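Hi,

Here is the structure I said I'd pass on. Have a look at it first, and my notes follow underneath.

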Amino acid sequence: MAKSYVFLIAIFLIVVSLSSPSQGLTIAGYTINRVIIDDVLYCNVTGERSTISNATVYLTCGGSTTTLSQTFTDTKGAFRIVLNFLQTLLFNPSYCGLGINIPPGSCGLVAPENILYVPLLLLKVVQNNTINTAYFGPSSNTISL
């Protein structure tokens, strides 16, 4: 009985080693292992930029209402989202974007439910020995009214 399990495990390992790895995110020929999205959010109502603090920033893909990851802006309007391996496999910059939930009273902004949606822009790819990291930011980080 134990021999049959060892045999099945050996066959499984051979099949897995021969199959091609799951195709995740590939940019310019690099397989991306990690995605980092960061920036600073500004408001520009009167021509003078001011930061937006305590805003919820979340990543959603394909028009889904499911959030892939979320964070908050700090007191200086900065945020950073770092995707883990599984989230990176699910991430597609063509279909993903940032939802920004602006706190009431920020910027004098009037938007449906104070939510904005911003597409992503590839900023750079950093290649390390074992990890290729893609850095993205919102296509526009200034909310102009």
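**What I found**

Strands 9 and 10 run antiparallel to each other, paired over 5 bridges. Strands here are DSSP runs of E, at least two residues long, numbered from the N terminus, and two of them pair if DSSP finds at least two bridges between them. Within that pairing, Leu 98 sits opposite Val 118 of strand 10.

Strand 10 also pairs with strand 11, again in the antiparallel sense, over 7 bridges, and a hairpin of 4 residues connects the two. Here Leu 120 faces Pro 138 in strand 11.

Before the rest, the small print: this is a predicted model, with local features needing pLDDT of at least 70 and side-chain atom pairs counting only at pLDDT 80 or more, while totals for chains, interfaces and linings use all residues. Numbering starts from 1 along each chain as its sequence is written, and side-chain values use heavy atoms, without hydrogens and water.

Now the disulfide (two cysteine sulfur atoms within 2.5 Å). There is 1 by this rule: Cys 61 to Cys 96, S to S 1.8 Å. It ties strand 6 to strand 9, with the two cysteines 35 residues apart. Both are buried, meaning under 20% relative accessible area (1.4 Å probe, protein chains only).

Finally, Leu 120 again: skipping neighbours within four places in sequence, Leu 120 has contacts (heavy atoms within 4.5 Å) that include Ile 37, Leu 59, Phe 91, Cys 96 and Leu 98.

Cheers

Notes:
Buried < 20%, exposed > 50% of the residue type's maximum accessible area, 1.4 Å probe, protein only.
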